Amino acid sequence: GASLDSVLTGKAAQAGEFAERALKAARAARDLVSVSEAQRQLGNAARETGGMIQALKLYRRAVRSARAGGSAESEAKALNKLGTVCHFIGVIPGALSAFTRALRLKRRLGLFARAARAARRWIRRRSVPSASCGFRN
């Protein structure tokens, strides 16, 4: 929501504030999936301001919260973020592990196939050759 918009517009501090409020509300509601989402947004804000270690910790918490809340989709999203930061800081085995776990979850949920179909539709509508993205159909 608002925190993602703030990160995308270069206002990471504001994004962190939005995510902190969301985290507090999610904890008060005892909604672990929303806790995970807020932790992920806090991780995004930390990552955008160069706080890679803090982002790593927040993404790990987001994975645990999503798992405890029973949301494989939120867990996969957090694992993708965790993998991205691991890769960025050079922890390649950690990145590979996180991405592999996320992919397994997405395949189990049917999200991977759905995302691939959506990407192909998007590419066809824009007449952008898929090779320009480094992928083949």
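Helices here are DSSP runs of H or I with at least four residues, numbered from the N terminus. By that count A26 is found in helix α2. The model is predicted, and its chain holds 7 helices and 0 strands.

**Overall fold**
- Read along the sequence, the elements follow the pattern α-α-α-α-α-α-α.
- The chain has 137 residues, and 35% of them count as buried.
- Among contacts with a separation of 6 or more, 45% join residues 24 or more positions apart.
- About 8,400 Å² of the chain is exposed, and carbon and sulfur atoms supply 56% of that area.

**A26 and its surroundings**
- A26 has a relative accessible area of 6%; it is buried because this value is under 20%.
- Outside its neighbours within four places in sequence, A26 is in contact with D31, S34 and V35.
- A26 and A38 are 12 residues apart in sequence, and their C-alpha atoms are 7.9 Å apart in space.

**Positive surface patch**
- A patch of positive charge on the surface is formed by R27, K57, R60, R61 and R64.
- Helix α4 (residues 52-69) gives the largest share of this positive patch, with 4 residues.
- R27, also a member of the patch, is found in helix α2 (residues 12-29).

**Nonpolar surface patch**
- I53, F88, I89 and V91 make a nonpolar patch of about 370 Å² on the surface.
- V91 lies in the loop between α5 (72-88) and α6 (92-109).
- V91 has a relative accessible area of 38% and is partly exposed; patch members need over 30%, so V91 passes that cut-off.

**Salt bridges**
- The chain has 3 salt bridges, counted as a side-chain nitrogen of Lys or Arg within 4 Å of a carboxyl oxygen of Asp or Glu.
- R40 forms a salt bridge with E37, and the closest N and O atoms are 2.9 Å apart.
- Both R40 and E37 lie in helix α3 (residues 32-48), 3 residues apart, which is about one turn of the helix.
- R40 is buried, at 8% relative accessible area, whereas E37 counts as partly exposed at 23%.
- E37 is not classed as buried because its 23% does not fall under the 20% cut-off.
- The side chains of R47 and E48 meet in another salt bridge, with an N to O distance of 3.2 Å.
- E48 counts as partly exposed, at 44% relative accessibility.
- R67 and E75 are joined through their side chains by a salt bridge of 2.8 Å, N to O.
- In this pair R67 is partly exposed, with a relative accessible area of 43%, while E75 counts as buried at 10%.
- R67 is over the 30% accessibility cut-off for patches but takes part in a salt bridge, and patch residues have no salt bridge, so R67 cannot be a patch member.

Conventions:
Residues are numbered from 1 along each chain as its sequence is written. This is a predicted model: local features need pLDDT of at least 70, side-chain atom pairs count only at pLDDT 80 or more; totals for chains, interfaces and linings use all residues. Side-chain values use heavy atoms; hydrogens and water are left out. Helices (H or I, at least four residues) and strands (E, at least two) are DSSP runs, numbered from the N terminus. Buried means under 20% relative accessible area, exposed over 50%, partly exposed in between (1.4 Å probe, protein chains only). Contact means heavy atoms within 4.5 Å. Accessible areas come from the Shrake-Rupley method with a 1.4 Å probe; for residues, only the protein chains shown count as cover. Patches are made of residues with over 30% relative accessible area and no salt bridge: like charges are joined within 9 Å, nonpolar side chains (Val, Leu, Ile, Met, Phe, Trp, Tyr) within 5 Å. Lys and Arg count as positive and Asp and Glu as negative; His and the chain ends are not counted. The place of a charge is taken as NZ of Lys, CZ of Arg, CG of Asp or CD of Glu.
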